[in-house]
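Work through the following exercises with the sequence and the model side by side. Each task is followed by a solution that goes step by step.

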Amino acid sequence: MENYDELRTLRHTASHIMAQAVKRLFPDVRLAIGPATDNGFYYDFDTERTFTAEDLEKIEAEMKKIVKENLPIKRFELPRDEALALVREMGEPYKEELINDLPEGEVISFYQQGEFTDLCAGPHLRYTGSVKAYKLLSVTGAYWRGSEKNKMLKRIYATAFKTKDELAAHLEALEEAKKRDHNKLGRELEYFTTVDVIGQGLPILLPKGARVIQLLQRFVEDEEERRGYLLTKTPLMAKRDLYRISGHWDHYLDGMFVLGDPNDEEKECFALRPMTCPFQYQVFLNRARSYRDLPMRFGETSTLFRNEESGEMHGLIRVRQFTISEGHIVCTPEQLEDEFKGCVELVQFMMKSVGFENDITFRFSKWDPENREKYIGTEEQWAEAEGMMEKILDGLGINYSVGVGEAAFYGPKLDIQMKNVFGKEDTLVTIQIDQMLAPKFGMEYTDRDGTKKSPYILHRTSLGCYERTLALLIEKYAGALPMWMAPEQVRILPITDRCIDRAYEVATELRAAGLRVEVDSRSEKIGYKIREAQMQKLPYMLMIGDKEIAEGTLSVRTRGGQDLGAHTLEQFLELVKTEAAPPRSGVSR
RNA sequence: GCUGGUGUAGCACAGUCGGUAGUGCAGCUGAUUCGUAAUCAGCAGGUCGUGUGUUCGAGUCACAUCACCAGCUCCA
């Protein structure tokens, strides 16, 4: 941890050096903030100027000078009024705002290096000469204080390390990460593509991508079936009336694709569904329910539509139409804890099955009491739902962070987060407790004592949205997906054209055994065919030449380049039997 | 939506000062029948993202628009 703090101090100091360089070169910029981040640092500037690549070079050169000057970095504190006077004199309105927002009694400190002074809590290194390895990376926009209502500032991202070697290694790792980027690799390997005429956030799943998603879907649906889930298939759109009941019309209208004029009450108006909840509730509402029916676990491979803002879309990670392993569990208050645990257990099994178990983190997403218009329900209801979730999470011994203001509008969430190859985090899976929507829809059950009661609802996914999961799988495995979900598991490579007939025979037999097999029948050299198969990250290559035909064998090679030698067809099937089959938890209920 | 960047053949790229579009790989055809990362020869492939404008003339300049990328904001 000490190392971590040292690195942050170094980077924070580097950010001051960068700000000083910017001030020297462009005196009219005003300073906002410049913190260290997990991988580097940035500084936000207010200026009309657009920083160009050449500007970045100039700034870096100026930073070099400041480092060479080896200026001592001095800390001093000022009382509030003097601090305000100082930043006003410096002409730094953002700093003024920061000081005004500091709580009463807080120490107001500044750091000075040469002619440059910055409001800052510190800590910092003692001399600018200590910052030896840094690199400016990019210029982007960022709202002042992270609010889109505020002015957009210019942010320069950079990074710094203790040594030049570490910096070089980091930059190298960034380049490597780019090679795994699903948005590049997924297109190269033909998992998906996009097309201008279809539109933003609407990727085309090519045959390989479609196959992987189908395999994942089957895997999830089969596992859920064994765990007592009831399959539903509900419409992709509904009249606005449905969303009025659920609250989506009031809280989520901007996120929906509306068919018709939402303001014309005389004419019918539909919307594509952004969530499955209100549809699946209708299954529960199909007839009167008793406590004997509960819990009811509904599952659906559900396609959803969300009208994301134009800048939000990203490859397969953020799209406007996606398909999710959606489900709702309707249960009694007494069953809630067990059902919640069952959801967590299912998710943990799913994560382990696809190999994500060490890559995920848990986030307990709570509401923000300061932002009431975003949520429905009363303070008491939120306290109750969040209290229950907290108790369950602590009971399970789950390590989680807390996200204030990250809840759904109807209830708190347990979000399972995963970072992409560039370290950007997204929610993969979510489990939510909801006590608000059942009464809105008139959902109730008759209890033992004959009274009508309002059930609890768990909203949950197993594997999350398939597009996003596919993206993270491609990145995690650099395109070399595990055998059981590989769109093409085996490629047969005939060594000469004489062997093509046999190759097709073998392919037919392997397909009959359930494997996904293709034959490379081109008249190319074997090395060439192997190279192609390896670039496509296929799990297995089977070579068939005159020798193999004579012996009745296949020469097996793995995608790692390992030569496993001659196998009979039966031996090969035995070899891959386990890894070719989707995992099963063995849980049933 | 906002800030910035990018858009030339399926992919990676070149295209000078505005003068009418090229290379490599992939593809196709033919030859080769090959044993573990690239056989040889030939052919074809482009409204230069789209539109409008400036110009005798636009891949190149201007404006608009669409898509993609990075980041912000927002979310699975």
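**Exercise 1.** Determine what backbone value the residue just after α2 takes, and where that residue is found.

*Solution.* Just after α2, Asn70 takes a positive phi of about 50 degrees, and it does so although it is not a glycine. Helices (H or I, at least four residues) and strands (E, at least two) are DSSP runs numbered from the N terminus, and on that basis Asn70 is found in the loop between α2 and β3 (73–77). Asn70 is exposed, because 12 other C-beta atoms lie within 10 Å; a residue is called buried if 20 or more other C-beta atoms lie within 10 Å of its own, exposed if 12 or fewer, and partly exposed in between, with C-beta atoms placed from the backbone.

The model is predicted, so local features need pLDDT of at least 70 and side-chain atom pairs count only at pLDDT 80 or more, whereas totals for chains, interfaces and linings use all residues. Residues are numbered from 1 along each chain as its sequence is written, and chains are lettered from A and ligands numbered from 1 in the order in which they are written.

**Exercise 2.** Compare the expected and actual spans of helix α2, and then assign its buried and exposed residues to faces.

*Solution.* The expected span of a helix is 1.5 Å times one less than its number of residues. For the 17 residues of α2 (residues 53–69) this gives 24 Å, and the end C-alpha atoms are 25 Å apart, which agrees. The buried residues of α2 are Ile59, Met63 and Ile66. Seen down the axis of α2, these buried residues fall within an arc of 60 degrees, so they line one face of the helix; the arc is that of the directions from the helix axis to the C-beta atoms. An α-helix has 3.6 residues a turn, so residues three or four places apart point the same way. The face of α2 turned away from its buried side carries the exposed residues Ala53, Glu54, Glu57, Ala61 and Lys68.

**Exercise 3.** Repeat the analysis for α12, and state which elements its buried residues pack against.

*Solution.* Helix α12 has 18 residues (residues 379–396), for which the expected span is 26 Å, and its end C-alpha atoms are 26 Å apart, in agreement. Its buried residues are Trp382, Ala385, Met389 and Ile392. Viewed down the axis of α12, they fall within an arc of 110 degrees and so line one face of the helix. They pack against α11 (336–354), β17 (360–366), β19 (413–419) and β20 (425–434). On the face of α12 turned away from the buried side are exposed residues, including Glu379, Glu380, Lys391 and Asp394. Just after α12, Gly397 takes a positive phi of about 70 degrees.

**Exercise 4.** Describe how α11 packs with α12, and how α3 packs with α4.

*Solution.* Axes here are lines fitted to C-alpha atoms, for helices over the stretch in contact, and angles run from 0 to 180 degrees between N-to-C directions. Angles under 35 degrees count as roughly parallel, over 145 as roughly antiparallel, 65 to 115 as roughly perpendicular and the rest as oblique.

- α11 and α12 pack at an angle of about 55 degrees with their axes 11 Å apart, and they are therefore oblique to each other. The contact is made by Leu336, Glu337, Phe340, Lys341 and Val344 of α11 and Met388, Ile392 and Leu396 of α12, where two residues are in contact if their C-beta atoms, placed from the backbone, lie within 7 Å.
- The axes of α3 (residues 80–90) and α4 (residues 93–101) come within 8 Å and cross at roughly 165 degrees, which makes α3 roughly antiparallel to α4. The contact is made by Arg80, Ala83, Leu84, Val87 and Arg88 of α3 and Lys95, Glu96 and Ile99 of α4.

**Exercise 5.** Locate Glu190 and Pro295, and state what is notable in the backbone at each.

*Solution.* Glu190 is found in the loop between α6 (182–188) and β8 (192–193). Its phi is near 60 degrees, a positive value in a residue other than glycine, and with 13 C-beta neighbours inside 10 Å Glu190 counts as partly exposed. Pro295 is found in the loop between β14 (289–290) and β15 (296–305), and the peptide bond from Leu294 to Pro295 is cis, with omega near 0 degrees.
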